[in-house]
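Reader: I would like to learn how the packing of two helices is read, and after that how a pocket is read. Could you take me through both, with the general idea before the case?

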Amino acid sequence: MTLLARLDRLPLSRPHYVLLLIGGLGYTFDGMDSAVVAFLLPSAKAAWGLDNGQLGLIGSATPFGFLFGAIAAGLLGDRIGRKKVMMYALAFYAVFSVLAAFSPNYEVFLGARVLAGAGAGAESAIIAPFLSEFVPAKRRGWFVGALAGFFSFGFVMAALIGRFVVPTVPEGWRVAQLITALPIVMLLWWRRSLPESPRFLVANGRHAEAEKIVAKLERDVEKATGQELPAVPETEAQPATETPKVNLLSALKFLWSPAMARRTAVIWTVWFVITFSYYGFFSWIPTLLVERGITVTKSFEFSIIIYLAQIPGYFSAAWLSERLDRKHTIALYLAGSAVSAFWLSQMDAPWSITLAGAVLSFFLNGTYAGVYSYTPEVFPTWIRASGTGLSSAFGRVGSILAPTIIGLSAASLGFAGVFGLTTAVLAAGVVCVVVFGLSTAGRSLEELTEHGAPVKTAKEMTK
């Protein structure tokens, strides 16, 4: 019997769903803050007389901040704990969102948006690995996929703020940023009672603390279900109990060591492919379509349909993740994205473009649900947060490059060529995950990553 086997055999119940809600609301506000920027640009342009180059920098500020926030969160999460990073990231994000709302000039606004993005990126990178460490193996795919689905609510809320607050309220673009920041105060209060990850505690030799958290969770689950807990299964895989201190160089050395290079290459490729395609699509489709004379792309109705399609995309993929395995779900939704991107490139009528764009949004966001479930599963506990953060950060490189590459390609390739390029990138991702991806469904985190040799595996691979 092990402490973590006790944790894994617990049925999903109210205590787990409370964690899902608290973590999910964090993703909702992250998504809302990221998406609302698009609705702020016209007001910022009018307020400070900005040119298109300056607007482009504002558009890139959040993903740029995300990149550095994700790296920092991963490294700190493996050193000081998942919970602390979540709390600090939330506070950091909220403070700079408020500062952006009261910015007196363009320079302060741009800097605040970068730093708010860093806070949001840090939180985004740490929530999934943190919560995945509480969830039984058989339900982890659905749970973490559903967790990622909360992003979609944030995008829909951003569209509503863009429609009903920014153009109708005095200084509406400033008020919009306060709205995205203020709910964090409530979330910070809720997270005061969050436990630290027992897996992190065990990996750092803090067994007494881990025992208290697991015992409390057992009592809460038993009370919530009104039934006796299942028997504790026997398991051979054990977490590392003596682990090296993680820094950027040691993390990269381990992740690209012979034992881990294949996993790392697959997950980094998938993150880059989906993030490049996602940001390329959402950043440029309005402009590209307007150039074709289809003004529907600038309407509220177009935006809300596209954003609403995210919701079933996320949650359908979360449901499939436990039935098809994570890697097959990712491949299926990447393939659907590729077909949708090609379909979109062939459309001319407003209704058909809207429909194809909504279907593409469905599949792109469904892929994210699979990726958020899959990523924490392929890295050992002692470096799980760093592995997830660095994977997410590499994906953010795609979000920074995509608008520029697609913008330059649009002039020479045209509408069909741009989405043809997106199709090719997505197809490459399908091949990568199908051929080289790891099957993870129904397997404990220790079975997937520790191989029963915790101390040697952790130490020797960083030498």
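Author: Angles between axes that are under 35 degrees count as roughly parallel, those over 145 as roughly antiparallel, those from 65 to 115 as roughly perpendicular, and the rest as oblique. Two packed helices are described by the angle between their axes and the distance between the axes. The model shown here is a predicted one, and in it helix H6 (residues 140–164) packs with helix H16 (residues 350–374) at an angle of about 125°, their axes being 8 Å apart.

Reader: Why are H6 and H16 called oblique to each other, and which residues make the contact?

Author: An angle of about 125° lies in none of the three named ranges, and therefore H6 and H16 are oblique to each other. Their crossing is right-handed. On the side of H6 the contact is made by Arg140, Gly141, Val144, Gly145, Ala148 and Phe151, and on the side of H16 by Ala369, Tyr372 and Ser373. Sorted by class, this contact has five nonpolar, three polar and one charged residues.

Reader: How, then, is the second largest pocket read, and which helix gives the most to its lining?

Author: Rolling a probe the size of a water molecule over the atoms shows where empty space is left. In the second largest pocket that space comes to about 440 Å³. Its lining has 16 residues, of which Pro15, Ser193, Pro195, Lys216 and Asp220 are the closest to the centre. Helix H2 (14–48) and helix H10 (207–225) each supply at least two lining residues, and H10 gives the most, with six. By class, the lining divides into eleven nonpolar, one polar and four charged residues.

Definitions and conventions:
Residues are numbered from 1 along each chain as its sequence is written. This is a predicted model: local features need pLDDT of at least 70, side-chain atom pairs count only at pLDDT 80 or more; totals for chains, interfaces and linings use all residues. Side-chain values use heavy atoms; hydrogens and water are left out. On a 1 Å grid over the protein atoms alone, a cavity is a set of points where a 1.4 Å probe fits but cannot get out, and a pocket is an open set with protein on both sides within 12 Å along at least five of seven lines; lining residues have an atom within 4 Å of a point. Grid points are joined across faces, edges and corners, and a volume is the space filled by probe spheres set on the points. Helices (H or I, at least four residues) and strands (E, at least two) are DSSP runs, numbered from the N terminus. Ala, Val, Leu, Ile, Met, Phe, Trp, Tyr, Cys and Pro count as nonpolar, Asp, Glu, Lys and Arg as charged, and the others, Gly among them, as polar. Axes are lines fitted to C-alpha atoms, for helices over the stretch in contact, and angles run from 0 to 180 degrees between N-to-C directions. A crossing is left-handed if the near helix is turned anticlockwise from the far one by less than a right angle, and right-handed if clockwise. Contact means heavy atoms within 4.5 Å.
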